[in-house]
Amino acid sequence: MLYIYNKNTNPYFNLAAEEYVLKEFKDECFMLWRNEPSIIVGKNQNTLAEINLDYVREHKIPVVRRLSGGGAVFHDLGNLNFTFIVNADEGGFTDFKRFAQPIIDVLRKLGVEAEFSGRNDITIDGKKISGNAQYYYKNRILHHGTLLFSSNITDLSAALKVRPVKFEDKGVKSVSRRVANISEYLKEPITIEEFINLIMEHIKEQTGGGEMYEFTEEDLKKINKLVEEKYGTWEWNFGSSPDYKMKHEKKFPGGTVEVNLNVEKGVIKDVKIYGDFFGKYDISEVEDLLKGVKHSEEEVRKALSKINLQDYMANITIDNLIEVMF
């Protein structure tokens, strides 16, 4: 087994690194890593329905889609992520406890009464400190999980608190549970680096030991290529969302604006704009302009900049309309 402590904290790189090791290596692997503040959404989720977009914009938080299913999670440097990549047949795919147990054993060594809970969580006193997810690829299972060690719980709840926008989609919804930090339950305080070392040494003991592996220049080149072509793109992180319908209404000085969107593969297929605003020209021209445009703020703004929106919606700005569309 290879043992990797990946010290890169860029979420795009780290999700790409997981896929690279899964698909390009033959060895089994255990990896520890952390992300700077970011939101990681499940493979089958509608990204916009999971995040507080205003908060994400204001704090410039990266949003990245992972390979595995499950719900959206907030990462920061107080959250430690662990990844097992093992060679196994499909039969072991749903065995989450197998991979969570070594982590629980480390916590119990530290005097923390952690336990496996439900389908894919580790809890302490009924509070979630770890969520786990899996992905299967050609007789290899990727299992990864979070470990809230000293995470900013306030930021976590704010980043994932969705505005009251109505989405109709088939995306998997995140389940809200009370969360806590491991550090709150330690009898003696330790740093996250000490915690990392304890986990790595325990896994080595359990799996026969071996050398630590560091990504080579060739590895880094290929991982960064995967970031450029996949993990850093709007198409993967937002455009890969399941098809959805969205309805949102807001009142501005120029009147009430209601937008109904039908989005397929990340592209606006149909849009209807209603409200009690005034305009010289028919709003259907704005609707036609938006059809076929990616449902991204940048692309919508670019499309709207081609017209004088005031001719269609007096005293409604482009920023106002975008606010209702996301």
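Student: Let's start with the charged side chains. How many salt bridges does the count come to?
Tutor: This is a predicted model, in which local features need pLDDT of at least 70, side-chain atom pairs count only at pLDDT 80 or more, and totals for chains, interfaces and linings use all residues. Residues are numbered from 1 along each chain as its sequence is written, and side-chain values use heavy atoms, with hydrogens and water left out. A salt bridge is a side-chain nitrogen of Lys or Arg within 4 Å of a carboxyl oxygen of Asp or Glu. By this rule the count comes to 17.

Student: Take Arg34 and Glu193. How many residues apart in sequence are the parts that this pair ties together?
Tutor: The two side chains meet in a salt bridge at 3.5 Å, N to O. Arg34 sits in the loop between strand 2 and strand 3, while Glu193 belongs to helix 6 (residues 192-207), so the pair ties together parts separated in sequence by 159 residues. Helices (H or I, at least four residues) and strands (E, at least two) are DSSP runs, numbered from the N terminus. So the value you asked for is 159.

Student: Is Arg34 buried or exposed?
Tutor: Buried means under 20% relative accessible area, exposed means over 50%, and partly exposed is in between (1.4 Å probe, protein chains only). Its partner Glu193 has 34% relative accessibility and therefore counts as partly exposed. Arg34 has a relative accessible area of 16%, so Arg34 is buried.

Student: Which residue does Lys128 meet in a salt bridge?
Tutor: Lys128 lies in strand 9 (residues 127-137), and its 18% relative accessibility is why it counts as buried. Its salt-bridge partner is buried as well. The two side chains meet at 3.5 Å, N to O, and the partner is Asp121.

Student: Arg301 and Asp319 also meet. Which residues are joined with them into one network?
Tutor: The Arg301 and Asp319 side chains form a salt bridge of 2.8 Å, N to O. This pair links distant parts of the chain, with Arg301 in helix 10 (residues 297-304) and Asp319 in helix 11 (residues 318-325), 18 residues apart. Salt bridges that share partners join these two into one network with Asp54, Arg57 and Glu297.

Student: On to the strands. Which residue in strand 10 is the bridge partner of Phe82?
Tutor: Strand 6 (residues 79-87) is mostly covered, with 8 of its 9 residues buried. Two strands pair if DSSP finds at least two bridges between them. Strand 6 runs antiparallel to strand 2 (residues 29-33) with 5 bridges, and antiparallel to strand 10 (residues 140-148) with 9 bridges. In strand 10, the partner of Phe82 is Gly145.

Student: What is the average twist from one strand to the next in the open sheet of 3 strands?
Tutor: The order in this open sheet is 4-3-5, with mixed pairing. Strand 4 (63-65) and strand 5 (73-75) are the edge strands, each pairing on one side only. Angles run from 0 to 180 degrees between N-to-C directions, with axes as lines fitted to C-alpha atoms (for helices, over the stretch in contact). From one strand to the next, the twist averages 30°.

Student: Which residue in the turn between strand 7 and strand 8 has a positive phi?
Tutor: Strand 7 (residues 114-117) and strand 8 (residues 121-124) pair in the antiparallel sense over 4 bridges. Glu115 has Thr123 as its bridge partner in strand 8. The two strands form a hairpin with 3 residues between them, and the turn residue with a phi of about 60° is Gly118.

Student: Finally, between which domains does the largest nonpolar core lie?
Tutor: A nonpolar core is a set of buried Ala, Val, Leu, Ile, Met, Phe, Trp, Tyr and Cys residues joined through side-chain atoms within 4.5 Å. The largest one has 42 residues, of which Val257, Ile273, Met313 and Leu321 touch the most other members. Both domains of the assignment (bounds from an automatic or database domain assignment) give residues to this core, so it lies between domain 1 (2-238) and domain 2 (244-325).

Student: And how far apart are the centres of domain 1 and domain 2?
Tutor: The domain assignment gives domain 1 as 2-238 and domain 2 as 244-325. Taken over C-alpha atoms, the separation of their centres is 37 Å.
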